[in-house]
Amino acid sequence: MQIKPILAALRRHKAGTILIALQIALTLAIVCNALFIIQERVSRLSRTTGMDESNVIAIANRYVGPATVFGPTIKTDLAAIRNMAGVEDAYATNSYPLRNGGWSMGVRLIPDAKKEITSTTLYFVDDHALRTLGVKLIEGRNFNAGEVIMLDPRKSTALPQVIITKALAQKLFADGKSLGKTIYLSQEGKPSTVIGVVEKLQVPWVGTWAGSFDQHAVLLPATLDANYQNFLVRARPGQQEAVLKALPKLLIDTNRMRVIPEEGGVRSFEDVRRRAYETDRGMAILMGIVCAVLLAITAAGIVGLSSFWVGQRRKQIGVRRALGATKGDILSYFMTENFLIALGGVIVGSALAYGMNQWLLEQFEMQRLSLVYVITGVVALLLLGQAAVLAPALRASRVSPVEATRSV
Amino acid sequence: MFGYYLELAMRSMKRNRVLTALMVVAVALGIGSCMTTLTVLHVLSGDPMPGKSQNLYTPQIDPRAMDGYVEDGPMLDQVTWIDGMNLLRSKRGEHQALMTGGAMTVQPSDGSIDPFYANSRYTTADFFPMFAIPLLYGRAWNASDDEARTRVAVISSELNDKLFHGEDSTGKSIRIHGTDMRIVGVIGDWRPTPHFYDLNMGDFANTEDVFVPLSVARELLLPRSGSIDCWGPGGSAEESLEKASCVWLQFWVQLDSPAKAAEYRQFLLHYVQEQKALGRFERPARVELFNVMQWMDYKQVVPGDVKLQTLLAMGFFLVCLVNTVGLMLAKFMRRSVEVGVRRALGASRRAVFAQLLTEAGIIGLMGGLLGLMLAMAGLVLVRAQPAQYASLAHLDMEMLVLTMVLAIVATVLAGVLPAWRACQIAPALQLKTQ
């Protein structure tokens, strides 16, 4: 084809050529990394908790006053909530998935082992928890009411029976068979026997630091004897809104000596999820907007410079047309020219994208950029370049051969 | 002459409206995004105690057992009761304070207000003079109140507004955690950002609402929050935390010159060696002494996402600038004829160059103004975010000036190459082709 004359012509427009190529290269590097960050965030926030999240309500509650023992108060509250119209079940706990605050602990199989096998979160619950959360018990049994005790949080946390998640069972035991086996949740050497396994339950934290054990949870049959309690409530289908509205009043009527934060005190689990991933979603949206605007600006830049070149070369185009070049020849000349420049740009840009990613992963918690993103970015920018140059190129192809004779 | 250049610039911009608008918008988007993220970064990495931070220090010593010792591993960020008290009593600095945080119930005497939780700080008396805290009413307590465990409290002006409608409440009592305390002072406007003296409360946490002497807090076992790190045998029961091998207190000391800081570091090292000799410490003697800004840096207070956003915005701005260079090149070269005529009529290269740069500067000015508006809109969006620091994101004078200077300087620089190319045009050639 006519690549040689194009290259010769480009040599006469070094500044413009380099500018377009540079802009494409920078855009590619930024867009690749931004897309990659978006994917990372989206995959993080689309994780499931293992719960049946619809119709669940979470309450943050703190008892006030001189009381030092909270067992009876918690029981009264739970009875009141469970008796409410529209409520299916409820329980009190120290934490729940996506709460962003909870208890983490090392798990051992040998009590005095120096190093724990993995980390897990501890959920202190009762026999109503599985039903309220809607998690699936896949092996063993649930706690029974007699096993649930009141526990002083400053004392030992080891309890004789526990329910663990499937992910934790697989991490601890090579064959994944954990039922009836013993695990150790403290260094004091008190054993806990696994009586049940649930399919999935996420830890309270959404950050990357908990990423290595985000499905490791241990359920313990105890209520912490503390003034701070979270209540989780499952409403009957269609009743969530009504229960959500009625709960604060019911709790205050049951016992005035409490504080429920006005904001985030009583919230639906949809709210809990939204709140937990707000920054991740914000970052993904921001990156998306930046990508879009960046591509638009680059396209506008290409249109601007190409139009100028077309305007500058009207006479030459006229001469070529007069010498027999077809409209298609002119069109393909400009399209090819742009393609060559863009090709140079994406080659430099790919290298830049990898360099930038290398630097980012040294500075931030990030993974290595996968080739898919670079290829996607390259194709997108080449197409963008072709689309942007189309209008100026069409205008060029419409230059009439008469132009050759004008001026002079 | 400048007026003439301006007129020429305006005329040329009007002739090429779309191209001009494109350049202005590109500069504005770049500037706007840069300023939004830089403002957030600027606020978050700001000095919480301007003028004083270089004299405020927090020490690090390592009282842990040999178990799990790693050479040059991270030290503990807080101190034990015993070490804290020893450092406090040695009085080596201008001021020193030992403190921890908590949250307590406040039961208003006014029955119409429900009981609520207020964040609190339990500290020794020097906290107030050391951090130069402005007092709206009354005074802070003093060392003898610490000794005597006087039940006094200093409250924030927000709490004062809520409970006493902003009136002078000194001398009145406040019921905190079931105990009546006498209010001796009300703090004025004071919110150090970041919350440097105790990052466990959240890096950008609000200032506490109630301040109580540490000795009183321990006597009444007021609820404590924040982080606690224990090692070795023995529990961490709340009643006996004074004896436990746990770190849970923050210690700050004011040292008014680098020489004094060096002296203090020596003192700390001696202290650690002495404790080792006594058998209390096991690990090799090592101390650190951070001033406020070094501490912020060490604790990586600025969130990674904010840094990432700033980098992204800068990359974005760079692309916008490259784009502007390209468009300006097109624009200036298109005016070859005009330039040729001006040159032929006697304008020097310098004059043409200056005129073209004026035009670039005006584009920068317009882009800057539009960018400023975008930045303000961007900051409104940032403030709507749930993050703890969100409410702090405001454009200050410094950033405002920086925006305009950056916009104009950047665009003028972007205009240098196109303008230079344009004045290289040989006038004769241009005139001939017409």
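**Chain A, domains and overall form**

I began with the domain assignment of chain A, which gives domain 1 as 3-45 + 279-405 and domain 2 as 65-256. I then looked up the distance between the two, and the C-alpha centres of domain 1 of chain A and domain 2 of chain A lie 55 Å apart. I note here that this is a predicted model, for which the predictor gives the complex an ipTM of 0.80 and a pTM of 0.80.

For the secondary structure of chain A I found eleven helices and 13 strands. The radius of gyration of chain A is 32 Å, whereas the globule rule gives 22 Å for 408 residues, so I recorded chain A as more spread out than a compact globule. Along the principal axes, I read a span of about 100 × 50 × 35 Å for the C-alpha trace of chain A. Of the 408 residues of chain A, 41% count as buried. I also looked at how the contacts of chain A are distributed along the sequence: among those with a separation of 6 or more, 82% are between residues 24 or more positions apart.

**Two residues of chain A**

I stopped at Asn55(A), which has a positive phi of about 70° although it is not a glycine. Asn55(A) sits in the loop between α2 (14-45) and β1 (56-63) of chain A. Is Asn55(A) buried or exposed? I counted it as buried, because 22 other C-beta atoms lie within 10 Å and the cut-off for a buried residue is 20 or more.

Next I turned to Glu241(A), which belongs to helix α6 (residues 240-254) of chain A. Glu241(A) is exposed, since 12 other C-beta atoms lie within 10 Å and a residue with 12 or fewer counts as exposed. I also checked Glu241(A) against Lys200(A): the two are 41 residues apart in sequence, and their C-alpha atoms are 27 Å apart in space.

**Chain B, domains and overall form**

I moved on to chain B, where the mean pLDDT is 87 and 97% of the residues reach 70 or more. The secondary structure of chain B comes to 14 helices and 13 strands. In the domain assignment of chain B, I found domain 1 (2-45 + 302-433) and domain 2 (53-298). The centres of domain 1 of chain B and domain 2 of chain B, taken over C-alpha atoms, are separated by 49 Å.

How many residues of domain 1 of chain B are in contact with domain 2 of chain B? I found four residues of domain 1 of chain B in contact with four residues of domain 2 of chain B. On the domain 1 side of this contact, the residues divide into three nonpolar, one polar and no charged.

For chain B I noted a radius of gyration of 31 Å, where a compact globule of 434 residues would have one near 22 Å. The C-alpha atoms of chain B fill a box of roughly 95 × 60 × 35 Å along the principal axes. Buried residues make up 43% of the 434 residues in chain B. Of the contacts in chain B with a separation of 6 or more, 76% are accounted for by residues 24 or more positions apart.

**Where chain B meets chain A**

I then examined the interface, in which 36 residues of chain B are in contact with 35 residues of chain A. On the side of chain B that touches chain A, at least two residues each come from α2 (17-44), β3 (116-123), α10 (304-334) and α13 (397-423) of chain B. Which element gives the most to this side of chain B? I found that α10(B) does, with 19 residues. By class, I listed 23 nonpolar, nine polar and four charged residues on the side of chain B that touches chain A.

I looked at α10(B) in its own right and found it mostly covered, as 23 of its 31 residues are buried. At 1.5 Å a residue, the 31 residues of α10(B) should span 45 Å, and I read 45 Å between its end C-alpha atoms, which agrees.

**Two loops of chain B**

Finally I checked backbone geometry in the loops of chain B. Thr193(B) and Pro194(B) are joined by a cis peptide bond, with omega about -5°, and I placed Pro194(B) in the loop between β7 (179-187) and β8 (210-213) of chain B. His165(B), a residue other than glycine, has a positive phi near 55°. I found His165(B) in the loop between α6 (157-164) and β6 (173-176) of chain B. His165(B) is exposed, because 9 other C-beta atoms lie within 10 Å and the cut-off for an exposed residue is 12 or fewer.

Key
Residues are numbered from 1 along each chain as its sequence is written. Chains are lettered from A and ligands numbered from 1 in the order in which they are written. This is a predicted model: local features need pLDDT of at least 70, side-chain atom pairs count only at pLDDT 80 or more; totals for chains, interfaces and linings use all residues. Two residues are in contact if their C-beta atoms, placed from the backbone, lie within 7 Å. Helices (H or I, at least four residues) and strands (E, at least two) are DSSP runs, numbered from the N terminus. Ala, Val, Leu, Ile, Met, Phe, Trp, Tyr, Cys and Pro count as nonpolar, Asp, Glu, Lys and Arg as charged, and the others, Gly among them, as polar. Domain bounds come from an automatic or database domain assignment. The radius of gyration is taken over C-alpha atoms; the globule rule is 2.2 Å times the number of residues to the power 0.38. The expected span of a helix is 1.5 Å times one less than its number of residues. pLDDT is the predictor's confidence in each residue, from 0 to 100.
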